[in-house]
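Let's take a look at the pockets in this model. Have the sequence and the 3D view handy as you read.

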Amino acid sequence: MEKYKVTFQQDGKLKHLIIHSSDISKENLPPNVIKIEPLRKSWLKYEKPHTLKKEEVSNFFFELNIIIKAKIPIYDALEILHKGTKNPLLNEIILKMQEALQNGQVLYIVLKPYEKYLGNIVISFFKIAQENGNLDDSIYSLSILLKDINENKKLISQKLRYPFVLLVSLFFSLFSIFNFVIPQFEFIFEQYHTSLPFATVALLGIKDFLMNYFLFILIFFVIISLILFSKYKKSQIFRYKVDEFIITKVPFIGPIVFLIYMHRFFLSLKILIEANYKFQSCIINSSILLKNKYLLDRISHINKAIQSGESIYEAFTKSTLFNELTLRLISTGENSNALLLSVNEIEKIYKQKLDEKIKLFSSLIEPIFIFTIMLLIVWVILAVLVPLWSMGEVINV
(Lines give C-alpha, C1' and ligand atoms only; values in the text may rest on other atoms or scores of the structure.)
Protein backbone atom coordinates (compact mmCIF):
# COMPACT_ATOMS: atom_id res chain seq x y z
CA MET A 1 0.00 0.00 0.00
CA GLU A 2 1.44 3.31 -1.17
CA LYS A 3 0.51 6.92 -0.40
CA TYR A 4 -0.18 9.46 -3.12
CA LYS A 5 -0.81 13.19 -3.00
CA VAL A 6 -3.40 14.15 -5.61
CA THR A 7 -3.57 17.80 -6.69
CA PHE A 8 -6.81 18.78 -8.46
CA GLN A 9 -8.82 21.87 -9.34
CA GLN A 10 -12.23 22.56 -7.85
CA ASP A 11 -14.24 25.78 -7.80
CA GLY A 12 -11.30 27.66 -9.28
CA LYS A 13 -8.95 26.59 -6.48
CA LEU A 14 -6.15 24.06 -6.18
CA LYS A 15 -6.89 21.34 -3.65
CA HIS A 16 -4.98 18.32 -2.37
CA LEU A 17 -6.04 14.81 -1.41
CA ILE A 18 -4.02 12.03 0.27
CA ILE A 19 -4.89 8.55 -1.05
CA HIS A 20 -3.71 5.13 0.18
CA SER A 21 -3.65 2.68 -2.72
CA SER A 22 -1.78 -0.31 -4.08
CA ASP A 23 -2.75 0.72 -7.64
CA ILE A 24 -3.55 4.41 -8.13
CA SER A 25 -4.89 3.81 -11.66
CA LYS A 26 -7.81 1.83 -10.24
CA GLU A 27 -8.86 4.49 -7.72
CA ASN A 28 -11.86 6.77 -8.13
CA LEU A 29 -10.05 10.08 -8.52
CA PRO A 30 -11.66 13.54 -8.39
CA PRO A 31 -12.19 15.42 -11.67
CA ASN A 32 -9.67 17.93 -13.04
CA VAL A 33 -6.61 16.14 -11.65
CA ILE A 34 -3.50 18.20 -12.25
CA LYS A 35 -0.81 16.08 -10.61
CA ILE A 36 -0.43 12.77 -8.78
CA GLU A 37 2.66 12.70 -6.59
CA PRO A 38 3.82 9.51 -4.83
CA LEU A 39 4.95 10.34 -1.33
CA ARG A 40 8.45 9.24 -0.43
CA LYS A 41 8.57 6.02 1.56
CA SER A 42 11.35 7.31 3.75
CA TRP A 43 8.92 9.91 5.08
CA LEU A 44 6.18 7.43 5.80
CA LYS A 45 7.86 4.19 6.85
CA TYR A 46 11.03 3.63 8.74
CA GLU A 47 12.59 0.39 9.78
CA LYS A 48 14.67 1.83 12.57
CA PRO A 49 12.83 3.68 15.35
CA HIS A 50 13.15 7.45 15.00
CA THR A 51 12.94 9.84 17.88
CA LEU A 52 11.48 13.29 18.14
CA LYS A 53 13.18 15.61 20.60
CA LYS A 54 11.09 17.90 22.77
CA GLU A 55 12.98 20.84 21.30
CA GLU A 56 12.01 19.75 17.78
CA VAL A 57 8.35 19.58 18.79
CA SER A 58 8.58 23.03 20.40
CA ASN A 59 10.28 24.54 17.34
CA PHE A 60 7.75 22.94 14.99
CA PHE A 61 4.74 24.52 16.70
CA PHE A 62 6.58 27.82 17.15
CA GLU A 63 7.26 27.98 13.41
CA LEU A 64 3.73 26.80 12.61
CA ASN A 65 2.31 29.60 14.74
CA ILE A 66 4.48 32.22 12.99
CA ILE A 67 3.33 31.05 9.55
CA ILE A 68 -0.33 31.02 10.60
CA LYS A 69 0.03 34.54 12.02
CA ALA A 70 1.10 35.59 8.50
CA LYS A 71 -2.46 34.71 7.38
CA ILE A 72 -1.38 31.53 5.59
CA PRO A 73 -3.94 28.68 5.82
CA ILE A 74 -2.89 25.91 8.16
CA TYR A 75 -2.75 23.29 5.38
CA ASP A 76 -0.34 25.42 3.35
CA ALA A 77 1.62 26.24 6.52
CA LEU A 78 2.06 22.51 7.14
CA GLU A 79 3.17 22.07 3.53
CA ILE A 80 5.88 24.71 4.01
CA LEU A 81 7.14 23.00 7.17
CA HIS A 82 6.93 19.61 5.48
CA LYS A 83 9.36 20.72 2.77
CA GLY A 84 11.84 22.09 5.31
CA THR A 85 11.74 19.18 7.78
CA LYS A 86 14.36 16.44 7.67
CA ASN A 87 13.11 14.29 10.54
CA PRO A 88 11.15 11.37 8.96
CA LEU A 89 8.91 10.96 11.99
CA LEU A 90 7.99 14.65 12.07
CA ASN A 91 7.32 14.53 8.33
CA GLU A 92 4.96 11.62 8.88
CA ILE A 93 3.11 13.55 11.58
CA ILE A 94 2.79 16.58 9.28
CA LEU A 95 1.35 14.40 6.51
CA LYS A 96 -1.12 12.87 8.95
CA MET A 97 -2.24 16.36 9.98
CA GLN A 98 -2.67 17.39 6.32
CA GLU A 99 -4.62 14.23 5.59
CA ALA A 100 -6.88 14.88 8.59
CA LEU A 101 -7.55 18.45 7.47
CA GLN A 102 -8.35 17.28 3.93
CA ASN A 103 -10.68 14.50 5.03
CA GLY A 104 -12.38 16.37 7.86
CA GLN A 105 -10.93 14.13 10.57
CA VAL A 106 -10.43 15.17 14.19
CA LEU A 107 -6.80 16.22 14.63
CA TYR A 108 -6.27 15.11 18.23
CA ILE A 109 -7.56 11.60 17.40
CA VAL A 110 -5.25 11.37 14.36
CA LEU A 111 -2.27 12.51 16.48
CA LYS A 112 -3.10 10.21 19.42
CA PRO A 113 -0.80 7.36 18.17
CA TYR A 114 2.11 9.85 18.27
CA GLU A 115 1.47 10.98 21.85
CA LYS A 116 4.68 9.44 23.18
CA TYR A 117 6.65 11.60 20.73
CA LEU A 118 4.60 14.81 20.87
CA GLY A 119 3.58 14.64 24.54
CA ASN A 120 0.16 14.73 26.13
CA ILE A 121 0.18 18.55 26.19
CA VAL A 122 0.02 18.70 22.39
CA ILE A 123 -2.82 16.17 22.19
CA SER A 124 -4.74 17.97 24.93
CA PHE A 125 -4.45 21.37 23.26
CA PHE A 126 -5.71 19.98 19.96
CA LYS A 127 -8.60 18.49 21.91
CA ILE A 128 -9.28 21.97 23.34
CA ALA A 129 -9.22 23.32 19.78
CA GLN A 130 -11.74 20.68 18.70
CA GLU A 131 -14.08 21.49 21.60
CA ASN A 132 -13.87 25.27 21.18
CA GLY A 133 -13.44 25.49 17.41
CA ASN A 134 -10.41 27.77 17.58
CA LEU A 135 -7.43 25.95 16.10
CA ASP A 136 -5.25 29.02 15.45
CA ASP A 137 -5.49 30.24 19.07
CA SER A 138 -4.76 26.75 20.39
CA ILE A 139 -1.63 26.47 18.23
CA TYR A 140 -0.52 29.92 19.46
CA SER A 141 -1.08 28.91 23.10
CA LEU A 142 0.68 25.59 22.54
CA SER A 143 3.72 27.22 20.93
CA ILE A 144 4.15 29.67 23.83
CA LEU A 145 3.70 26.96 26.45
CA LEU A 146 6.09 24.45 24.84
CA LYS A 147 8.73 27.14 24.32
CA ASP A 148 8.56 28.19 27.98
CA ILE A 149 8.68 24.59 29.26
CA ASN A 150 11.68 23.89 27.04
CA GLU A 151 13.50 26.99 28.32
CA ASN A 152 12.83 25.97 31.94
CA LYS A 153 14.24 22.51 31.30
CA LYS A 154 17.37 24.05 29.79
CA LEU A 155 17.76 26.34 32.82
CA ILE A 156 17.44 23.44 35.24
CA SER A 157 19.88 21.26 33.30
CA GLN A 158 22.42 24.11 33.15
CA LYS A 159 22.22 24.74 36.89
CA LEU A 160 22.47 21.05 37.80
CA ARG A 161 25.16 20.12 35.27
CA TYR A 162 28.10 20.98 37.52
CA PRO A 163 26.66 19.23 40.62
CA PHE A 164 26.05 16.17 38.46
CA VAL A 165 29.69 16.23 37.31
CA LEU A 166 30.75 16.43 40.96
CA LEU A 167 28.53 13.46 41.84
CA VAL A 168 29.99 11.37 39.03
CA SER A 169 33.50 12.40 40.12
CA LEU A 170 32.72 11.29 43.67
CA PHE A 171 31.61 7.82 42.58
CA PHE A 172 34.55 7.52 40.20
CA SER A 173 36.92 8.49 43.01
CA LEU A 174 35.41 5.88 45.34
CA PHE A 175 35.66 3.21 42.65
CA SER A 176 39.30 4.05 41.89
CA ILE A 177 40.30 4.17 45.58
CA PHE A 178 38.63 0.88 46.50
CA ASN A 179 39.87 -1.00 43.43
CA PHE A 180 43.40 0.33 42.89
CA VAL A 181 44.68 2.27 45.90
CA ILE A 182 43.47 0.42 49.01
CA PRO A 183 44.44 -3.14 47.85
CA GLN A 184 48.08 -2.06 47.47
CA PHE A 185 48.34 -0.76 51.03
CA GLU A 186 46.23 -3.61 52.44
CA PHE A 187 48.91 -6.05 51.30
CA ILE A 188 51.57 -4.05 53.17
CA PHE A 189 49.47 -3.87 56.34
CA GLU A 190 48.96 -7.65 56.35
CA GLN A 191 52.71 -8.28 56.07
CA TYR A 192 53.64 -6.24 59.15
CA HIS A 193 50.72 -7.37 61.35
CA THR A 194 50.48 -3.98 63.02
CA SER A 195 47.43 -2.76 64.89
CA LEU A 196 45.47 -0.50 62.58
CA PRO A 197 43.66 2.70 63.57
CA PHE A 198 39.88 2.92 63.38
CA ALA A 199 39.93 5.00 60.16
CA THR A 200 41.92 2.26 58.40
CA VAL A 201 39.79 -0.59 59.74
CA ALA A 202 36.60 1.23 58.68
CA LEU A 203 37.99 1.94 55.22
CA LEU A 204 39.09 -1.69 54.68
CA GLY A 205 35.76 -2.96 56.02
CA ILE A 206 33.73 -0.77 53.65
CA LYS A 207 36.00 -1.78 50.77
CA ASP A 208 35.52 -5.51 51.48
CA PHE A 209 31.78 -5.10 51.89
CA LEU A 210 31.37 -3.24 48.59
CA MET A 211 33.70 -5.54 46.68
CA ASN A 212 31.96 -8.70 47.94
CA TYR A 213 28.35 -7.56 47.90
CA PHE A 214 28.19 -4.78 45.31
CA LEU A 215 26.43 -6.96 42.73
CA PHE A 216 23.84 -8.11 45.29
CA ILE A 217 23.28 -4.54 46.46
CA LEU A 218 22.83 -3.39 42.86
CA ILE A 219 20.35 -6.20 42.08
CA PHE A 220 18.44 -5.47 45.30
CA PHE A 221 18.03 -1.77 44.49
CA VAL A 222 17.08 -2.52 40.88
CA ILE A 223 14.37 -4.98 42.00
CA ILE A 224 13.05 -2.59 44.67
CA SER A 225 13.02 0.26 42.13
CA LEU A 226 11.11 -1.84 39.58
CA ILE A 227 8.56 -2.93 42.20
CA LEU A 228 8.01 0.64 43.41
CA PHE A 229 7.80 1.95 39.84
CA SER A 230 5.26 -0.72 38.89
CA LYS A 231 3.17 0.02 41.96
CA TYR A 232 3.42 3.76 41.28
CA LYS A 233 2.02 3.20 37.79
CA LYS A 234 -0.76 0.82 38.79
CA SER A 235 -1.93 2.06 42.20
CA GLN A 236 -3.53 5.52 42.29
CA ILE A 237 -3.45 5.57 46.11
CA PHE A 238 0.26 4.73 46.25
CA ARG A 239 1.00 7.29 43.53
CA TYR A 240 -0.91 9.96 45.45
CA LYS A 241 1.03 9.22 48.66
CA VAL A 242 4.39 9.29 46.87
CA ASP A 243 3.58 12.53 45.06
CA GLU A 244 2.31 14.10 48.28
CA PHE A 245 5.48 13.02 50.11
CA ILE A 246 7.67 14.58 47.39
CA ILE A 247 5.84 17.91 47.50
CA THR A 248 5.37 18.21 51.28
CA LYS A 249 8.30 16.33 52.85
CA VAL A 250 11.34 16.24 50.56
CA PRO A 251 13.55 19.30 51.22
CA PHE A 252 14.83 21.36 48.27
CA ILE A 253 13.45 18.95 45.63
CA GLY A 254 9.81 19.23 46.79
CA PRO A 255 9.60 23.06 46.57
CA ILE A 256 11.32 23.02 43.15
CA VAL A 257 8.87 20.42 41.78
CA PHE A 258 5.95 22.42 43.22
CA LEU A 259 7.15 25.67 41.62
CA ILE A 260 7.75 23.98 38.25
CA TYR A 261 4.20 22.65 38.09
CA MET A 262 2.57 25.80 39.47
CA HIS A 263 4.44 27.98 37.00
CA ARG A 264 3.29 25.77 34.12
CA PHE A 265 -0.27 25.78 35.48
CA PHE A 266 -0.54 29.58 35.76
CA LEU A 267 1.27 30.08 32.43
CA SER A 268 -1.29 27.85 30.72
CA LEU A 269 -4.08 29.58 32.65
CA LYS A 270 -2.86 32.99 31.45
CA ILE A 271 -2.58 31.86 27.82
CA LEU A 272 -6.07 30.32 27.78
CA ILE A 273 -7.65 33.37 29.47
CA GLU A 274 -6.01 35.55 26.80
CA ALA A 275 -7.68 33.31 24.19
CA ASN A 276 -11.06 34.16 25.79
CA TYR A 277 -11.81 30.74 27.25
CA LYS A 278 -14.04 30.56 30.32
CA PHE A 279 -12.08 30.56 33.58
CA GLN A 280 -13.41 27.20 34.71
CA SER A 281 -12.54 25.70 31.32
CA CYS A 282 -9.06 27.23 31.63
CA ILE A 283 -8.52 25.51 34.99
CA ILE A 284 -9.65 22.12 33.63
CA ASN A 285 -7.44 22.38 30.53
CA SER A 286 -4.43 23.75 32.45
CA SER A 287 -4.55 20.85 34.90
CA ILE A 288 -3.31 18.51 32.13
CA LEU A 289 0.17 19.91 32.79
CA LEU A 290 0.20 18.52 36.34
CA LYS A 291 1.86 15.10 36.39
CA ASN A 292 1.88 15.10 40.19
CA LYS A 293 -1.22 13.26 41.46
CA TYR A 294 -1.34 15.24 44.71
CA LEU A 295 -1.31 18.61 42.93
CA LEU A 296 -3.81 17.40 40.34
CA ASP A 297 -6.18 16.34 43.12
CA ARG A 298 -5.89 19.75 44.84
CA ILE A 299 -6.56 21.58 41.55
CA SER A 300 -9.57 19.34 40.82
CA HIS A 301 -10.95 20.44 44.21
CA ILE A 302 -10.78 24.04 42.95
CA ASN A 303 -12.83 23.13 39.89
CA LYS A 304 -15.43 21.28 41.97
CA ALA A 305 -15.73 24.18 44.40
CA ILE A 306 -16.32 26.66 41.57
CA GLN A 307 -18.91 24.32 40.05
CA SER A 308 -20.72 24.18 43.39
CA GLY A 309 -21.09 27.97 43.37
CA GLU A 310 -18.17 29.08 45.54
CA SER A 311 -16.09 32.08 44.55
CA ILE A 312 -12.74 31.62 42.82
CA TYR A 313 -10.95 33.02 45.88
CA GLU A 314 -12.71 30.56 48.24
CA ALA A 315 -11.95 27.65 45.91
CA PHE A 316 -8.25 28.53 45.72
CA THR A 317 -8.10 29.01 49.50
CA LYS A 318 -9.61 25.58 50.22
CA SER A 319 -7.03 23.87 48.00
CA THR A 320 -4.36 24.72 50.68
CA LEU A 321 -1.72 24.99 47.96
CA PHE A 322 -1.19 28.71 47.64
CA ASN A 323 0.40 31.37 49.81
CA GLU A 324 -1.26 34.57 50.98
CA LEU A 325 0.13 36.70 48.14
CA THR A 326 -1.30 34.39 45.46
CA LEU A 327 -4.69 34.32 47.18
CA ARG A 328 -4.78 38.13 47.49
CA LEU A 329 -4.03 38.52 43.79
CA ILE A 330 -6.76 36.01 42.92
CA SER A 331 -9.22 37.89 45.14
CA THR A 332 -8.26 41.24 43.60
CA GLY A 333 -8.59 39.90 40.07
CA GLU A 334 -11.98 38.33 40.80
CA ASN A 335 -13.42 41.44 42.47
CA SER A 336 -12.14 43.83 39.80
CA ASN A 337 -12.94 41.53 36.87
CA ALA A 338 -9.25 41.52 35.95
CA LEU A 339 -8.29 37.88 36.44
CA LEU A 340 -5.96 37.98 33.43
CA LEU A 341 -3.80 40.66 35.05
CA SER A 342 -3.75 38.80 38.38
CA VAL A 343 -2.89 35.45 36.79
CA ASN A 344 -0.18 37.15 34.71
CA GLU A 345 1.42 38.55 37.88
CA ILE A 346 1.15 35.19 39.68
CA GLU A 347 2.86 33.46 36.75
CA LYS A 348 5.73 35.97 36.92
CA ILE A 349 6.04 35.46 40.69
CA TYR A 350 6.27 31.67 40.35
CA LYS A 351 8.77 32.05 37.52
CA GLN A 352 10.97 34.28 39.69
CA LYS A 353 10.69 31.96 42.69
CA LEU A 354 11.54 28.95 40.53
CA ASP A 355 14.69 30.64 39.21
CA GLU A 356 15.71 31.59 42.75
CA LYS A 357 15.13 28.07 44.11
CA ILE A 358 17.14 26.47 41.32
CA LYS A 359 20.02 28.91 41.86
CA LEU A 360 19.90 28.32 45.63
CA PHE A 361 19.86 24.53 45.18
CA SER A 362 22.77 24.70 42.77
CA SER A 363 24.76 27.00 45.06
CA LEU A 364 24.18 24.69 48.06
CA ILE A 365 24.79 21.35 46.41
CA GLU A 366 28.15 22.34 44.90
CA PRO A 367 29.92 23.03 48.24
CA ILE A 368 28.28 19.94 49.76
CA PHE A 369 29.78 17.71 47.09
CA ILE A 370 33.15 19.47 47.28
CA PHE A 371 33.17 19.12 51.08
CA THR A 372 32.25 15.41 50.78
CA ILE A 373 35.07 14.78 48.32
CA MET A 374 37.48 16.66 50.61
CA LEU A 375 36.42 14.53 53.61
CA LEU A 376 36.90 11.37 51.55
CA ILE A 377 40.40 12.43 50.56
CA VAL A 378 41.33 13.30 54.17
CA TRP A 379 39.89 9.97 55.38
CA VAL A 380 41.90 7.97 52.82
CA ILE A 381 45.08 9.89 53.62
CA LEU A 382 44.72 9.31 57.36
CA ALA A 383 43.71 5.65 56.88
CA VAL A 384 46.78 4.99 54.72
CA LEU A 385 49.49 7.25 56.14
CA VAL A 386 48.95 6.73 59.91
CA PRO A 387 49.68 2.95 59.71
CA LEU A 388 52.69 3.67 57.47
CA TRP A 389 54.08 6.08 60.04
CA SER A 390 53.60 3.47 62.75
CA MET A 391 55.42 0.87 60.66
CA GLY A 392 58.23 3.33 60.02
CA GLU A 393 58.71 3.82 63.78
CA VAL A 394 58.74 0.03 64.33
CA ILE A 395 61.37 -0.43 61.61
CA ASN A 396 63.57 2.34 63.06
CA VAL A 397 63.44 0.74 66.50
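A quick word on residue classes: Ala, Val, Leu, Ile, Met, Phe, Trp, Tyr, Cys and Pro count as nonpolar, Asp, Glu, Lys and Arg as charged, and the others, Gly among them, as polar. This is a predicted model, where local features need pLDDT of at least 70, side-chain atom pairs count only at pLDDT 80 or more, and totals for chains, interfaces and linings use all residues. Residues are numbered from 1 along each chain as its sequence is written, and side-chain values use heavy atoms, leaving out hydrogens and water.

A pocket here is an open set of points on a 1 Å grid over the protein atoms alone, reachable by a 1.4 Å probe, with protein on both sides within 12 Å along at least five of seven lines; lining residues have an atom within 4 Å of a point. Its volume is the space filled by probe spheres set on the points, which are joined across faces, edges and corners.

| Pocket | Volume | Lining classes |
|---|---|---|
| Largest | about 330 Å³ | 8 nonpolar, 1 polar, no charged |
| Second largest | about 280 Å³ | 7 nonpolar, 4 polar, 4 charged |

Start with the largest pocket: Phe171, Leu174, Phe175, Phe178, Asn179, Leu210, Met211, Phe214 and Ile217 line it. Helices (DSSP runs of H or I, at least four residues, numbered from the N terminus) H8 (135–192) and H9 (198–234) each supply at least two of these residues, with H8 giving the largest share, 5 residues.

Now for the second largest pocket, which has a volume of about 280 Å³. Among its 15 lining residues, Lys54, Ile121, Leu146, Ile149 and Lys153 are the closest to its centre. H2 (54–69), H7 (120–132) and H8 each supply at least two lining residues, and H8 again gives the most, with 4 residues.
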